[in-house]
Amino acid sequence: MASTISIQALSDWTHYLWLGLILVCLVMSPFTKTAYKRESLRSELNYLLPGALAAYLLFASRTTPYWFNRPAYTVSLPVAVVGFVVAVCGITTSVWARFALNKNWSGTAELKRDHELVRRGPYRITRHPIYSGFLLALFGSALERGLIRSFVAIAAFALCFYIKSLAEERLMVERFGGSYLRYRSEVRQLVPFLL
């Protein structure tokens, strides 16, 4: 008896994966080190605003312009399967990176007491694997949906993560100096071996 996989079932499973990622972050967040320095509110707004726009585009379907809600293409089962696999890879990468950071993680650009320069796990191939995984998972989800606004949201999230990563890197250079500069010269920022 063969079971059939539907586009809707894949989309539902992807939603559960996103909920799992959120749950991991929420459960682990109280166990982080205490911050002693963070970016200014003005600096935070530089990445929070594109992030808020991206979240709006992704989730506010009823209030976005009509053309944003139109499909970019017709989603077929093979495309949905590829999207699901890509989303699984992205969320797995983000969760792996979150565990690798452990108590050094923060939701904003900040330095922690006894901050450690993490180079293990996915941090061996990209300096910001949580963002890389998140963007990959968003791309997978966008493939499953096929909506124009989903792809525009990815671009807005990419801008958000790029700006935030620059703020974080300023703090890492301040804290770790030459060690971080060497790490930065050896490991790509967001896309392994490319960017």
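**A158 and the helix packing around it**

A158 is partly exposed, its relative accessible area being 28% (partly exposed lies between buried, under 20% relative accessible area, and exposed, over 50%, with a 1.4 Å probe and protein chains only). The model is a predicted one, so to speak of local features takes pLDDT of at least 70 and side-chain atom pairs count only at pLDDT 80 or more, while totals for chains, interfaces and linings use all residues. Residues are numbered from 1 along each chain as its sequence is written, and side-chain values use heavy atoms, with hydrogens and water left out.

A158 sits in helix α5 (helices are DSSP runs of H or I with at least four residues, strands are runs of E with at least two, and both are numbered from the N terminus). From A158 to S185, 27 residues apart along the chain, the C-alpha separation is 21 Å.

Helix α5 (residues 148-176) has α4 (residues 129-145) as a partner: their axes come within 9 Å and cross at roughly 175°. Axes here are lines fitted to C-alpha atoms, for helices over the stretch in contact, and angles run from 0 to 180 degrees between N-to-C directions. That makes α4 and α5 roughly antiparallel to each other (over 145 degrees; under 35 is roughly parallel, 65 to 115 roughly perpendicular, and the rest oblique). On the α4 side, the contact takes in Y131, F134, L135, L138, F139, A142, L143 and R145; contact means heavy atoms within 4.5 Å. Facing them in α5 are R149, S150, F151, I154, F157, A158, F161, K164, S165 and E168. By class, the residues of this α4–α5 contact come to 12 nonpolar, 2 polar and 4 charged (nonpolar covers Ala, Val, Leu, Ile, Met, Phe, Trp, Tyr, Cys and Pro; charged covers Asp, Glu, Lys and Arg; the others, Gly among them, are polar).

A second helix pair is α1 (residues 7-28) with α3 (residues 77-101), packed at an angle of about 10° with axes 9 Å apart. These two, α1 and α3, are therefore roughly parallel to each other. From α1 come I7, L10, W13, T14, L17, W18, L21, V24 and M28, and from α3 come L77, A80, V81, F84, A87, V88, I91, S94, V95, R98 and F99. The tally for the α1–α3 contact is 17 nonpolar, 2 polar and 1 charged.

Outside the helices, K33 is in the loop between α1 and β1 (35-38). K33 is partly exposed at 22% relative accessible area. Leaving aside residues up to four places away in sequence, K33 touches K103, N104, K112, R113, D114, H115 and E116. Between K33 and G178, 145 residues apart in sequence, the C-alpha to C-alpha distance is 23 Å. R188 falls in the segment after α6 (178-186) and is partly exposed too, at 42%. The C-alpha atoms of R188 and H128 are 8.6 Å apart, with their positions 60 residues apart along the chain.

As for the chain overall, 6 helices and 2 strands make up the secondary structure, in the order α-β-α-α-β-α-α-α from the N terminus on. The radius of gyration is 18 Å, which agrees with the value near 16 Å for a compact globule of 195 residues (taken over C-alpha atoms; the globule rule is 2.2 Å times the number of residues to the power 0.38). Of the 195 residues, 44% count as buried.
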